[in-house]
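Here are my notes, set out point by point. Please read them with the structure open.

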Amino acid sequence: MTHVEQRLSPLLFLWLFMKSLTRAAKDKVLADLDMKRPNLDGSYNQNQSATVKQLLHYVDPIPVQQRCLDVLNIFIEDKSLFTAPVINDNNVPVGLIDRGRLTEIFFKPYARDLHHRKLIGEIMTTDPVIVDINTSIDDLANITINAGMRHMANGFIIVESSAYVGMATGHKLLEEITQRKQQDLYFLAHYDQLTGVPNRLLFKDRLMQACQYAKRSDKPFALVFVDLDRFKQINDTLGHSFGDQLLINFAHRLTSSVRESDTVARMGGDEFVIILQNLTEAGHAEKVAATIIDNIRLPMLIFDREINVTASLGVALFPLHDDTVDGLIRKADAAMYEVKAKGRNGYIVYSEVYDQCLIERSSLETDLRMALNNQELSVFYQPQIHLPSNRVIGVEALLRWHHPKRGLISPGTFIPIAEESGLILAIGAWVLHEACRQHVEWVSQGLPLLRMAINVSAIQFRQKEFCACVKDVIEGTGIDPSYIELELTESVVMTNPLQTVATLNELRALGIKLAIDDFGTGHSSLSYLTRFPIDRIKIDQSFVRNIQDVPANEAIVKAIIAMGGSLGLEMIAEGVETVHELECIKNHHCQEVQGFHFSKPIPAGEFKDYWHQSLRKD
Ligand code: C2E
Ligand code: MG
Ligand code: MG
């Protein structure tokens, strides 16, 4: 243990202890939630493993030594008998005799006189289809096709451990296959192929039935709209097969969180719906929604990687909020969007005011598409202060949207929309260019070379062309790349580490610096992060807030500064608002700060004045 880690050990011990506690709980819940398959369509599942046993019926076998005339009499007596198996002394089938063959021989004149001494073994068919009782229906169908279709008429002999147990007819086989095909077609049309839960079509049908039943029985029910948070980001950063598996696990978690009589369906993409029937008490739907939120939050194991996801749920009640299928869907959807707008990871029960919000959100996305072209976006700059010299050492570029009707909209509201719609790529590239262009302009106006910190979204970073885009901006603007610092969050760095290291190295090779933004809010450990070529960590503002009064925050900041320092990383504390916070941060020897105490993010023009004033303060 290093000196620093020794000093940190009580903190580490507590952390490890908590982690071990949750691990036990986690394992149990994972087993309960993820291993349990939803009970979808029992008959379909059984059919997957259907064997010829299902087709079996018993026909008295004929000993191979039996005389033909005796066998003829058996067929004459039993009009329903069409085919019979022929067996040896050990009950092992050796052939098959059918009515057609007997008729063919004995129909001719004098046939009885000619053949009455013959044994059945001499005239039987010697190449029947003989299959084990455990052969699957699919395999039997293939064997039959390969052996020639005449076996469809004769039927098949079924054995167990080579001994005769019964027969199956071609007719029965066809019936079974047709029925299965119908079930397959039904399944394809009504169930989601990826997750196995009902699809939109079946859901609408069930919702209609639920409405009718609720009207008749006078029992309310709830419709819950569920949307996986930041799915696009996960899908884009971790790949589509990871995303698919996540959706499968997500569907299992939803199914395990409700009663079997409830319906969980997939509407498409990462959108699911749940019909909660027979609500018995007030607040029942809210309780289920809360349980779902809790279950979803538990860690998920996907391809050996543990991942934490959250979901946003909107609830609409029948008949309180609406008594029509379309009305309920629209209202549950509106409530769900309200959760998204409020920061995701929760549920909201519908209220009329959310209708308006839904219209606003969709118009916001449309407006954002035009914002770039209409020059409604701009970049503000927030100074970063070097404490020992009390000088501005850099700025962070922060995006702003001047909406023509709504005024200034903060990135917290529109960056998620930009990420979900993919617009972030164009917007991110624009910010990068604009911030670098501004840097060059300031230098030409006599400002010193300052660090230009620029935020990069996960989707932007995972884009193949990202490094090339950065290179183009450097060349296009003429900025000295050593003054660019790209800010990435922990989750961006921690996902797909091999790919990340490669990209980070490529960026470093361009001469630029890299910082981890909002450090402490993700799940990474500092020592793990040092495997990446990182220059700086930005201590998240949640630890800085009231640090002088919150001992836990102070301990964490102290630990981050001590450990980061020992690992040779530079550090900056974000969100310093008060003189108390500043003093406390200073006492822990953090060299750089950023926050409202010094300046809010300001337009480029104002920053120039700020810079000149900051010099006069000396
Ligand atoms: P961030 O990168 O952590 O930026 C710091 C945020 O904290 C900024 O919010 C800033 O205005 C705010 N802040 C700074 N000092 C203080 C303080 O003393 N007190 C408080 N309460 N807040 C402070 P802003 O500008 O609203 O940006 C929010 C987030 O939006 C940023 O967090 C960043 O994650 C994202 N963002 C901003 N611009 C961009 C961009 O160009 N691209 C991308 N991908 N994300 C951006
Ligand atoms: Mg930042
Ligand atoms: Mg930050």
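**Notes on the predicted model**

1. Start with a backbone oddity. Asp518 is partly exposed, with a relative accessible area of 26%. This residue is found in strand E19. Its phi is near 50°, a positive value in a residue other than glycine. Keep in mind throughout that this is a predicted model.

2. Asn278 also deserves a look. Its phi is positive, about 50°, although Asn278 is not a glycine. The residue sits in the loop between strand E9 (271-276) and helix H13 (284-297). Asn278 has a relative accessible area of 29%, so it counts as partly exposed.

3. Check one peptide bond. The link from Phe318 to Pro319 is cis, with omega near 5°. Pro319 belongs to the loop between strand E12 (311-318) and helix H14 (325-341).

4. Now the metal site. Which residues coordinate the magnesium ion (ligand 2)? They are Glu396 (OE), Asn455 (OD1), Glu487 (OE) and Asp517 (OD), at 2.0 to 2.2 Å. Along the chain, the donors of the magnesium ion (ligand 2) follow the spacing E-x58-N-x31-E-x29-D. Two of these donors, Glu396 in strand E15 and Glu487 in strand E18 (residues 484-489), are 91 residues apart and link distant parts of the chain. Glu396 and Glu487 are buried.

5. There is a second magnesium ion to consider. Asp517 bridges the magnesium ion (ligand 2) and the magnesium ion (ligand 3). The two ions lie 4.0 Å apart.

6. Next, ligand 1. There are 23 residues around ligand 1, and Asn455, Asp517, Gln541, Glu577 and Phe596 come nearest. Three polar pairs are worth displaying. An oxygen atom of ligand 1 lies 2.8 Å from a side-chain N or O atom of Asp517. Glu396 places a polar side-chain atom 2.9 Å from an oxygen atom of ligand 1. Phe596 uses its backbone instead: an N or O atom there is 2.8 Å from an oxygen atom of ligand 1. On its own, ligand 1 has 790 Å² of accessible area, and the protein covers 81% of it.

7. What makes up the shell around ligand 1? Strand E15 (391-403), helix H16 (411-421) and strand E19 (513-519) each give two or more residues. E15 supplies the largest share, 4 residues. By class, the shell has 9 nonpolar, 6 polar and 8 charged residues.

8. Stay with strand E15 for a moment. Leu399 lies in this strand. Is Leu399 buried or exposed? Leu399 is buried, because its relative accessible area is 8% and the cut-off for buried is under 20%. The C-alpha atoms of Leu399 and Gly428 are separated by 9.3 Å, and the two residues are 29 residues apart along the chain.

9. Last, the cysteines. How many disulfides does the structure hold? The count is 0. Cys469 is in no disulfide, and the nearest cysteine sulfur, that of Cys467, is 9.5 Å away. A disulfide needs a pair of cysteine sulfur atoms within 2.5 Å, so the cut-off is not met at that distance. Cys469 has 24% relative accessibility and therefore counts as partly exposed. Cys590, by contrast, is buried, with a relative accessible area of 6%.

Note on methods:
Residues numbered from 1 in each chain as written. Chains lettered and ligands numbered in written order. Predicted model: local features only at pLDDT ≥ 70, side-chain atom pairs only at ≥ 80, totals over all residues. Heavy atoms only, no water. Near = heavy atom within 4 Å. Polar contact = N/O pair within 3.5 Å; in protein donor to acceptor, adjacent residues only side chain to side chain. Areas by Shrake-Rupley, 256 points an atom, 1.4 Å probe, with all protein chains shown as cover. Nonpolar A, V, L, I, M, F, W, Y, C, P; charged D, E, K, R; others polar. Buried < 20%, exposed > 50% of the residue type's maximum accessible area, 1.4 Å probe, protein only. Donors = N, O, S within 2.8 Å, 3.2 Å for Na, K, Ca; no water.
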